[in-house]
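This briefing introduces the structure shown below to a reader who has not met it before. Its points are grouped by topic.

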Amino acid sequence: MMLKGLFLALLLVSFLHVGHCSSPITDTRTPDTGDTEDGPETAETESEESCGTVSSRWVEPNIMQVSKMWNFNATAQELLRNLGESLADVDHWKNDPYEVVRYLHKWDMDPSDAEKHFRGMVEWRLQNDVDTFMERYREPPAVFHYFPLFMLEGFDKEGDPILVYRMGSFDAWGLYQQVGADIFLDASIFIRELISKRGNGMPPEFDWQQQYYEPKTGGERMLQFTGIVDLHGLSTRQFHPVLFGLLKEAAHIAQAYYPGLAKRLLFIRAPKIFRMGWSVAKHFYSEESMRLVNMITEDNYLEAFEEYMDVEVLPHVINPVNGKGKQMPGYMEKIKMEGGIISGTMEDQ
Ligand SMILES: *[C@@H]1O[C@H](CO)[C@@H](O)[C@H](O)[C@H]1NC(C)=O
């Protein structure tokens with residue numbers, strides 16, 4: 001099991017938002033668990049009916065709640081409110097302070113950059129029919145269970161989710177050879193939506209935010225997550241030019257269309273060879289994305305993790321000492337945390 005694929009790193013670098021109301025879906029998929037009965041943010045609950053219009057999402061209690069979650073001062077809160085006014089014409093479920101705030105955050109509180117990128121993202125979703133993807137697609141072929149990217153059952157010290165990407169154990173090249181580019185790219189959309197989308201036509205079995213996370217936080221919505229990138233096992237097989245091409249594209253998509261989801265990215269167990277790949281891959285990421293990266297070089301990375309989480313929440317594959325963590329219930333449980341070789345044919349290096 002030593003192959004992997006670099007390209008997915010990109011996926012990680014940006015996960016963004018959350019979302020709710022939006023596409024006009026009116027069936028039974030209203031998730032039940034995630035009710036946020038009491039918070040002030042009544043305008044954005046889980047049911048489609050309550051999703052309502054742009055102006056019903058940009059109500060003052062929601063703006064205040066979001067500002068509080070993000071520790072905004074009065075100036076920042078005003079920037080968010082003004083940005084909402086500038087976007088009033090955008091009739092899309094993502095036009096919601098819980099989503100829009102990620103653009104402000106990602107683009108260093110510059111409202112015009114945030115607005116430009118937000119509008120670009122809406123355009124991209126519409127052009128590519130991304131909003132309905134999760135309902136149309138269902139889930140990737142089972143071979144994607146060997147793509148070890150998953151969220152954990154437990155949370156970090158701030159109560160935020162933890163996303164683990166065992167890049168070193170992922171045979172990206174093998175998977176790519178087996179399924180081909182189209183299936184690979186569709187699965188990438190699935191993964192990005194899985195990580196970020198909330199409500200709005202999200203099938204309940206994939207809607208971990210409302211089905212799992214929010215019931216545990218008393219209705220508080222996901223803010224950002226901690227990402228762990230485990231490079232253990234990385235080899236040159238993952239440095240195939242095709243994979244770098246995919247990585248570049250994925251990095252672009254993640255940063256442009258799914259910004260502000262990760263609060264930090266903890267890289268661990270980098271073999272020497274990692275530097276070679278990283279010298280290329282780092283150019284795919286913006287300065288803001290790079291700021292999230294914390295390369296933990298100590299052999300005892302578990303000690304470094306103590307700052308961010310109780311290390312027992314980590315799975316055994318990362319914390320062999322006392323890791324008890326499992327994947328989050330739902331789709332993530334199907335993922336094989338060990339990863340492993342998928343296909344040993346063609347051009348192995
Ligand atoms: C308030 O937040 C803004 C935007 O992040 C920042 O530029 C400013 O320095 C902050 N003001 C104070 C007084 O902390």
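**Ligand surroundings and overview**

Asn73, Thr75, Ala76 and Met109 surround the ligand, a residue being near a molecule if its C-beta atom, placed from the backbone, lies within 6 Å of it. The model is a predicted one, in which local features need pLDDT of at least 70 and side-chain atom pairs count only at pLDDT 80 or more, while totals for chains, interfaces and linings use all residues. Residues are numbered from 1 along each chain as its sequence is written.

- The shell around the ligand consists of 2 nonpolar, 2 polar and no charged residues. Ala, Val, Leu, Ile, Met, Phe, Trp, Tyr, Cys and Pro count as nonpolar, Asp, Glu, Lys and Arg as charged, and the others, Gly among them, as polar.

**Helices α4 and α5**

- Helix α4 (residues 60-69) packs against helix α5 (residues 74-86) at an angle of about 135°, and their axes are 10 Å apart. Axes are lines fitted to C-alpha atoms, for helices over the stretch in contact, and angles run from 0 to 180 degrees between N-to-C directions.
- This angle makes α4 oblique to α5; angles under 35 degrees count as roughly parallel, over 145 as roughly antiparallel, 65 to 115 as roughly perpendicular and the rest as oblique.
- Ile63, Val66 and Ser67 of α4 meet Ala76, Gln77, Leu80, Arg81 and Gly84 of α5, contact requiring C-beta atoms, placed from the backbone, within 7 Å.
- The contact of α4 with α5 comprises 4 nonpolar, 3 polar and 1 charged residues.
- Ala76 thus appears both in the shell around the ligand and in the contact of α5 with α4.

**Helices α6 and α7**

- Helix α6 (residues 97-106) and helix α7 (residues 111-127) pack at about 125°, with axes 8 Å apart.
- The two helices, α6 and α7, are therefore oblique to each other.
- From α6, Val100, Tyr103 and Leu104 meet Pro111, Ala114, His117 and Phe118 of α7.
- By class, 6 nonpolar, 1 polar and no charged residues form the contact of α6 with α7.

**The sheet**

- An open sheet of 5 strands follows the order β1-β2-β3-β4-β5, with mixed pairing; two strands pair if DSSP finds at least two bridges between them. Helices (H or I, at least four residues) and strands (E, at least two) are DSSP runs, numbered from the N terminus.
- Its edge strands, β1 (149-155) and β5 (293-295), each pair on one side only.
- Strand β3 (residues 225-230) runs parallel to strand β4 (residues 262-268), and 6 bridges join them.
- Gly227 stands opposite Leu265 in β4.

Conventions:
Contact = placed C-beta atoms within 7 Å.
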